[in-house]
Amino acid sequence: MTTEETSVELQDAQGKDAEEPRDAEEPKDAADPPQVAADADATEADVSEADLDQEEQEKQPMTGPDAPSVCAEAAEKNGSVKLKIPEEAEEVKFTGLSKEELQRVAGTPGWVRTRWALLVVFWLGWLGMLVGAVLIILQAPRCRDLPPTNWWNEGPLYQIGNIQVFTDTHNLKGLEQKISSLSQLKVKGLVVGPIHVAPPDDSMNLRFEEISPEAGNLEQFKGFIQAAHKKGISVVLDLTPNYEGSSGPWFSNTSVTNVAERLKSALVFWLNEGVDGVQLAGVERVASIVPSLWSDIRAIVQNRTDQLPDRRVLIGVTERSSAEDVSFLLSSTGVDLLISRVLRAGDMDATERARAIQLLYSSHSQTNLAWSLGGRAEGHLASLVGPTMVKLHQLLLLTLPGTPVFNYGDEIGLMDEGTTFPKMLWDSDEELNGTLQEETAERLSCRRFFRGVSELRGKERSLLFGDFVLLSNSSSSLAYLRVWDQSERYLAAFNWADEAVVLRLNDAVLPQQAAVVLSTNSSALPADGGVDLTNMRLGPRQAALLRFPYTG
């Protein structure tokens, strides 16, 4: 066979091979239905897989440039658009510099200079604050040292000269039951008695250490003292020898020595029983007749001991009314307080009253001054000055520099009724039934006023131990100032006249206005308290207490 014939045969064979598969495929497709079904199932599986792939794509974040087309395709396929919010990128945490890096940086010249600069600034600032504080302290006004005071300088003294008329039980037990009521008045001490056995003008039967049966007994007295001390009230016992006689408080001159000697042992007895002081009338007599015995009496009462370490008061009582005489006796007798008639001199007007007050204040420490109106012999405040002037004189006694001394019932305006020892009236007692309602209301008003001023006096330094500055006085009016260091200032003004008066106070220490604290007639002064001190009007028989702050 030639080469040409061989090539032709190969081409024919390849052509037949190519035709045979096409012929074979066509009959196979037509003759195999199960294969067609399998192919259809495969196609559906491919579609389901595509759907799953689509759902997986919808679950993926919409990132990249194809994200919009995916959303559109999903909307087209499912009928709704599902938006996926991409998760926030993880925060980048700052870990700071390592220890080695910090050490390398801290040693650089720049940081060394910065640290030194900050240290210098700190110490300069600290020194500046220290210097500023020192300058403030040096330039600030220095506070005055508080003056030495005693318990009897801290509040009013309340005299009960007759126990029988003061209580319902007429004895010391009843007095004990009234301690709570007296405590409300802010009194600091009770002056009780005399209660010892002392037949009138009979020095031979005088028994200082025995309590009169009408007053009670020693056990009742001890209970009374304990109850008073629990309320912070001291007890002073009046041991005036001949308190019911007419021959004088120390009997006759010939008996003074004997009585004074017997008094010494009695003082020791009562001080050991717990009394906080002793009151004696007619001190000038015993001090001048038996000065050595008087010195012994003073030493027993005033000197402190290991057994009696607390300060006890020796109160003298005199009938002198001249300021000069009272000043002399206060110095010569050496008593702690001297109750006199210096404010009760007959026909004394406001000018004379102001002069007496100023003389005693300038001559003695105010811790030794005592102011009183009324007493065992004189009677009660309301009977001496009139019911309408009770509050005015309450304010006067409670604001003067020194210790105010009141008689029992003065806080309610108790009137004498044929005796200087009228029966005490108590608000809760049935004895008030039958009195006029207006009288009862007036007593309650007086008591509230007394309590208000007494309470204020106990809290305010200017009223307790402040300086006394006389501002203005005339025959019927008086005004003075009580001042202590940087505390609030208090101005007391009084009008004794039956007509109104205008006070024009222009002192350099006064402001233009002051606030009203208390007034005996509240309707006569503005309720808001703003009073022009250069044109202050006081109504008839009116008194007022005003205050203003320290201004430096």
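**Chatting through a sheet and a helix**

Modeller: Let's start with a pair of strands in this predicted model: strand E12 (residues 477–483) and strand E13 (residues 489–495) run antiparallel and are joined by 6 bridges.

Biologist: Nice. Which residue in E13 is the bridge partner of Ser 477?

Modeller: That's Asn 495.

Biologist: And what sheet do these strands belong to?

Modeller: An open one with 6 strands, in the order E11-E12-E13-E18-E15-E16, and the pairing is antiparallel.

Biologist: Which strands stand at the edges?

Modeller: Strand E11 (467–473) and strand E16 (531–532) do. Each has a single partner strand, so one side of each has no neighbour in the sheet.

Biologist: What packs on the sheet?

Modeller: Helix H15 (residues 390–399) does, touching E12, E13 and strand E18 (543–548). The direction of H15 makes about 145° with that of E13. There's also helix H16 (residues 437–459), which lies across E13, strand E15 (513–519) and E18. H16 runs at about 130° to E15.

Biologist: How many bridges do E15 and E18 pair over?

Modeller: They pair over 4 bridges, in the antiparallel sense. One of the partners there is Arg 547 in E18, matched with Ala 515. On to E15 and E16: those pair over 2 bridges, also antiparallel, and Gln 513 has Asp 532 as its bridge partner in E16.

Biologist: Back to Asn 495. Buried or exposed?

Modeller: Buried: its relative accessibility is 0%, and under 20% counts as buried.

Biologist: What do the polar atoms of its side chain lie close to, then?

Modeller: One polar atom of the Asn 495 side chain lies 3.1 Å from the backbone nitrogen of Ala 497. The backbone oxygen of Gly 539 is 2.8 Å from a polar atom of that side chain.

Biologist: Which residues does Asn 495 touch further along the sequence?

Modeller: Leaving out residues up to four places away, its contacts include Leu 392, Ser 476, Val 501, Leu 538 and Arg 541.

Biologist: Changing topic: how many residues does helix H9 have?

Modeller: H9 (residues 256–272) has 17. From first C-alpha to last it reaches 24 Å, close to the 24 Å expected at 1.5 Å a residue.

Biologist: Which of its residues are buried?

Modeller: Among them are Val 256, Leu 263, Lys 264 and Trp 270. The buried residues of H9 pack against several elements, including strand E4 (207–211), helix H8 (218–230) and helix H11 (291–302).

Biologist: And what comes just after H9?

Modeller: Gly 274, which takes a positive phi of about 110°.

Notes
Residues are numbered from 1 along each chain as its sequence is written. This is a predicted model: local features need pLDDT of at least 70, side-chain atom pairs count only at pLDDT 80 or more; totals for chains, interfaces and linings use all residues. Side-chain values use heavy atoms; hydrogens and water are left out. Two strands pair if DSSP finds at least two bridges between them. Contact means heavy atoms within 4.5 Å. Axes are lines fitted to C-alpha atoms, for helices over the stretch in contact, and angles run from 0 to 180 degrees between N-to-C directions. Buried means under 20% relative accessible area, exposed over 50%, partly exposed in between (1.4 Å probe, protein chains only). A polar contact is a pair of N or O atoms within 3.5 Å; within protein, one must be able to donate a hydrogen and the other to accept it, and residues adjacent in sequence count only if both atoms are side-chain atoms. The expected span of a helix is 1.5 Å times one less than its number of residues.
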